[in-house]
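The following exercises concern enclosed space, ligand contacts and backbone geometry. Each task is followed by a solution in steps.

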Amino acid sequence: MLIRRIHGWEIPESRVTPEHIFVNRRQLMGLATGAIALAAAGPARAAADPSSGLYPAPRNAAFGDAGRPVTEAQYTTTFNNYYEFGSSKRIAAAAEKLPIRPWEVVIDGEVEKPMRLAIDDLFKQVKLEERIYRHRCVEAWSMVVPWTGFPVKQLVDIAKPTSNAKFLRFETFNMPDVAPGQKDGLFTSYPWPYVEGITLAEAMNDLPLMVTGAYGKPLPNSMGAPLRLHLPWKYGFKSIKGLVRVSFTAERPVSFWETLGPTEYGFWANVNPDVAHPRWSQETEQVLGSGERIPTLLYNGYGEQVAGLYKGLETEKLFM
Ligand SMILES: Nc1nc2c(c(=O)[nH]1)N[C@H]1C(S)=C(S)[C@@H](COP(=O)(O)O)O[C@H]1N2
Ligand SMILES: [Mo]
């Protein structure tokens, strides 16, 4: 039964290919893509967002330009995995119904003092910057996004973990009344809320980003507003959206997908073209928007920054 559910989930080619066709059709129709991009980049909601004054944040050039074109917002904001709102990629309209203010984030577990922060108060305690990162979904499609956010390190500083803390456990909202995917039937319930985890050592690396915005604006709901994680060297499912809680733990957290399909989705989930998913190859990826197929890189090309984190862990399943 588990496997059947997973089957319904990740079918990389069939999900991505229609997008490619869709894109080409638009181009064939002679639509000015620039005009579409402008329209898509300016959602009406952004004006009312209390954090909109924080944008655009300065770009941190130390993280480069991804070496590939930035994927236009018209694609990344409308082709999303966000199972809380359904299992198709077209959840953007449904996600707009998520009330993102007021919004609180709880920091608890192995910390000096647990706290509950209003999201805009949290934003006041951190320094936002823009970073262009590659994103590689386990389904073998990819994108490049200029994210705005703050290093996970800054969150660790705010939390003040105790010496018992070894992991960070991230949790998404659970609101079945607004998120139809969380209202599953009797025999098909997912283990909501969505949970993900990383080690404290990973959290202290320079790369992981707490994301608050994209394309120089507050995040659209479809991409995980008001707060999500981005881990550019790991498969996309680790980059959890709609965060309401970060807990510091002594034990390794078990993630949402790991609970559903432990033989397919593990804790580490580092990108590796040479380690196939049990049901498909990870050698290449299809670029969202252009539809181009390109080789996948070890650690999604971020090995220089993160490979050292995994020294001595070679017996672990690092790449699933
Ligand atoms: N809460 C939550 N976070 C999530 C998901 C989800 O279904 N729910 N999907 C993951 C997957 S599989 C991917 S590829 C990315 C997609 O992020 P995007 O919609 O910004 O492209 O979000 C990840 N974070
Ligand atoms: Mo994904």
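**Exercise 1. State the volume of the second largest cavity and describe its lining.**

Step 1. The second largest cavity encloses about 40 Å³. The model is a predicted one, in which local features need pLDDT of at least 70 and side-chain atom pairs count only at pLDDT 80 or more, while totals for chains, interfaces and linings use all residues; side-chain values use heavy atoms, without hydrogens and water. Residues are numbered from 1 along each chain as its sequence is written, chains are lettered from A, and ligands are numbered from 1 in the order in which they are written.

Step 2. A cavity is a set of points, on a 1 Å grid over the protein atoms alone, where a 1.4 Å probe fits but cannot get out; lining residues have an atom within 4 Å of a point. Grid points are joined across faces, edges and corners, and a volume is the space filled by probe spheres set on the points.

Step 3. Among the residues that line this second cavity are Asp49, Tyr55, Arg101, Phe123, Ala225 and Pro226. By class, its lining has seven nonpolar, two polar and two charged residues. Here Ala, Val, Leu, Ile, Met, Phe, Trp, Tyr, Cys and Pro count as nonpolar, Asp, Glu, Lys and Arg as charged, and the others, Gly among them, as polar.

**Exercise 2. Identify the cis peptide bonds at Pro56 and Pro226, and locate both prolines.**

Step 1. The bond from Tyr55 to Pro56 is cis, with omega near -10 degrees. Pro56 belongs to the loop between α3 (33–41) and α4 (73–76). Helices (H or I, at least four residues) and strands (E, at least two) are DSSP runs, numbered from the N terminus.

Step 2. Ala225 and Pro226 are also joined by a cis peptide bond, with omega about 0 degrees. Pro226 lies in the loop between β8 (217–218) and β9 (228–230).

**Exercise 3. Which cavity holds ligand 1, and what lines that cavity?**

Step 1. Two cavities of 30 Å³ or more are found in the whole structure, and the largest contains about 290 Å³ of space. Of its 25 lining residues, Asn81, Arg228, Gly236, Ser239 and Lys241 are the closest to its centre.

Step 2. Strand β4 (residues 141–151) gives the most to this lining, with three residues.

Step 3. Ligand 1 sits in the largest cavity, a term that requires more than half of its atoms to lie within 2 Å of the grid points.

**Exercise 4. Which polar contacts does ligand 1 make with Arg228, Ser239 and Lys241?**

Step 1. A polar contact is a pair of N or O atoms within 3.5 Å. A polar side-chain atom of Arg228 is 2.8 Å from a ligand oxygen atom, and a side-chain N or O atom of Lys241 is 2.4 Å from an oxygen atom of ligand 1.

Step 2. For Ser239, a backbone N or O atom lies 2.9 Å from a nitrogen atom of ligand 1.

Step 3. Ligand 1 taken alone exposes 530 Å², of which the protein buries 100% (Shrake-Rupley method, 1.4 Å probe).

Technical notes: A polar contact is a pair of N or O atoms within 3.5 Å; within protein, one must be able to donate a hydrogen and the other to accept it, and residues adjacent in sequence count only if both atoms are side-chain atoms. On a 1 Å grid over the protein atoms alone, a cavity is a set of points where a 1.4 Å probe fits but cannot get out, and a pocket is an open set with protein on both sides within 12 Å along at least five of seven lines; lining residues have an atom within 4 Å of a point.
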